[in-house]
Amino acid sequence: MVKACILGCSGLELTHREAEFFRRERPLGFILFGRNIDNPEQVKRLVAELKASAGHTDVLMLIDQEGGRVQRLKPSHWPLYPAAGTFARISNDIYEQRELVRLSARLMAADLYALGINVDCAPVLDVPLPGGHDIVGDRAYGFDAETVAVMGRAACEGFLAGGVLPVVKHMPGHGRAVADSHHALPVVTAARPELEAIDFLPFEVNADMPLGMTAHIVYDAYERKRPATTSRKLVRLIRQKIGFDGLLLTDDLSMNALSGSMADRVKAARAAGCDVMLHCNGKMEEMEAVVAHSPRLRGTAQKRFEAAWARLNKRIEPVNVDEARLRLQQALSRIDKSSQRRTDPTEAFADTSLAAMRELGGV
């Protein structure tokens, strides 16, 4: 049977040890990071190798391709896409913004589909709040819940139309966190009415999406000790209050927000009710612990996976990529160039921290 975990690998091609390990353990899928990416032909080969090593046909192949700071596929082989927060600067017309968000997601999906990648860990549905850490920042579509909800759905529609499953993240909301969960455990102290009116709303609007990702954040209005990833109360909230019944992935289990051994982390996420364990750094000794304690994919989780897999379009929406790229570029060119440090409008949204961000897990 398939193990309910998603794993990384160490480099540009599979090692013999990795291939043997994956064949033996049969993970549900894999995730790619900057260390795994050089050029399109190399990525296609690696994706094919990973899928073959899984030992089953329905393999989830993930990547973080949001645009802006978080983009694993980058120039010169792939376009640099605008950050989510850029679209509000292009136009005051929310309907045009929505069209452009969908268009950008459809183009990213075209890039991924050509490589055999079928899942994008996007969109971010977090609502940045004053005082929150800038780990979200321009990765969000706006500063109000309604805008984030509408634009997030537009992005999901673009990905799905292009044969790629979106992952809505980070449930139930990362925008108030005052720390970066890659490095520390954030605690959100907002009251329930605030959280339910703002933070949860984008996820409720997009609760029908096939895949979701938890946040490594404590919400002390509900649970004072455990972050959402390992909290039965918060996973129940995601299922019942937010109404999400898709396949629920953990954020990267190797992130420093979580404590204990890797085995402890997997057991806690599993006990909380997460469907799939995500581990990103490709370190063999950690992956061995992850698979040793990950559940088999069966029961309700199996049904959720099958429902998600069924959302992959067998015939993708036609698109003229060149015309679509020109449309997006023309829209981006409206942004006041005097406020930008670079001449290429799309490059204006490449944050200087991108090199550091690319190897971070889960983001």
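Which side chain does a polar contact of 2.8 Å join to that of R139? In this predicted model, the partner of R139 is E66. R139 sits in a loop, between β6 (119–120) and α5 (145–161). Its relative accessible area is 5%. Buried means under 20%, so R139 counts as buried.

A second arginine, R176, also occupies a loop, in this case the one between β7 (165–171) and β8 (187–188). R176 is buried, with a relative accessible area of 15%. Its side chain and that of D199 are joined by a polar contact of 2.8 Å. Beyond residues up to four places away in sequence, R176 touches V127, L129 and G132. The list of residues touched by R176 also includes V188, A190, E194, L195, I198 and D199.

The nonpolar interior was examined next. The largest nonpolar core has 110 residues. Those with the most contacts inside this core are F22, L32, L50, L60 and Y219. Helix α4 (residues 94–115) gives the most to the core, with 9 residues. For Y219, neighbours within four places in sequence were left aside. The remaining contacts of Y219 are with P172, G173, H174, V188, L195, A228 and L234. V188 and L195 are among the residues that R176 touches, and Y219 is in contact with both of them.

Helix α4 packs against α5. The axes of the two helices are 7 Å apart, and the packing angle is about 35°. The crossing of α4 past α5 is right-handed. On the α4 side, the residues that meet α5 are I94, Q97, R98, V101, R102, A105, R106, M108 and A109. The α5 side contributes V150, M151, R153, A154, A155, E157, G158, F159 and A161.

A109 was taken as one residue of this contact. A109 lies in helix α4 and is buried, with a relative accessible area of 0%. Neighbours within four places in sequence aside, A109 is in contact with G158, F159, G162 and V164. G158 and F159 are among the α5 residues that meet α4. L28 is 81 residues from A109 along the chain, and the C-alpha atoms of A109 and L28 are separated by 21 Å.

Strand β2 (residues 27–32) holds I31. At 1% relative accessibility, I31 is buried. I31 and L278 are 247 residues apart in sequence. In space, the C-alpha to C-alpha distance between I31 and L278 is 8.6 Å. Residues up to four places away in sequence are not counted in the contacts of I31. I31 touches I6, L7, G8, N36, L62, I63 and D64. C121, L278, H279 and C280 are also touched by I31.

Helix α10 (residues 284–293) has a buried side. M284, E286, M287, V290 and V291 are buried in this helix. They lie on the same side of α10 because they cover an arc of only 155° around the axis. The face turned away from that side carries the exposed residues E285 and A292. The buried residues of α10 pack against β1 (3–7), α1 (16–25), α9 (262–272) and β12 (277–278).

One of these partners, α9, crosses α10 at roughly 35°. The two axes come within 8 Å. This crossing of α9 and α10 is right-handed. From α9, the residues M262, A263, V266, K267 and R270 take part in the meeting with α10. From α10, the residues are E286, A289, V290 and H293. E286 and V290 are among the buried residues of α10.

V290, in helix α10, was followed further. V290 is buried, with a relative accessible area of 0%. Leaving out neighbours within four places in sequence, V290 is in contact with C5, L7, M262, V266, M277 and H279. L7 and H279 are also among the residues that I31 touches. V290 and L253 are 37 residues apart in sequence and 8.9 Å apart in space, C-alpha to C-alpha.

Notes:
Residues numbered from 1 in each chain as written. Predicted model: local features only at pLDDT ≥ 70, side-chain atom pairs only at ≥ 80, totals over all residues. Heavy atoms only, no water. Core = buried A, V, L, I, M, F, W, Y, C linked by side-chain atoms within 4.5 Å. Buried < 20%, exposed > 50% of the residue type's maximum accessible area, 1.4 Å probe, protein only. Helix = DSSP H or I, 4+ residues; strand = E, 2+ residues; numbered from the N terminus. Contact = heavy atoms within 4.5 Å. Arc of directions from axis to C-beta. Polar contact = N/O pair within 3.5 Å; in protein donor to acceptor, adjacent residues only side chain to side chain. Axes fitted to C-alpha atoms, helices over the stretch in contact; angles between N-to-C directions. Left-handed = near helix turned anticlockwise from the far one by under 90°.
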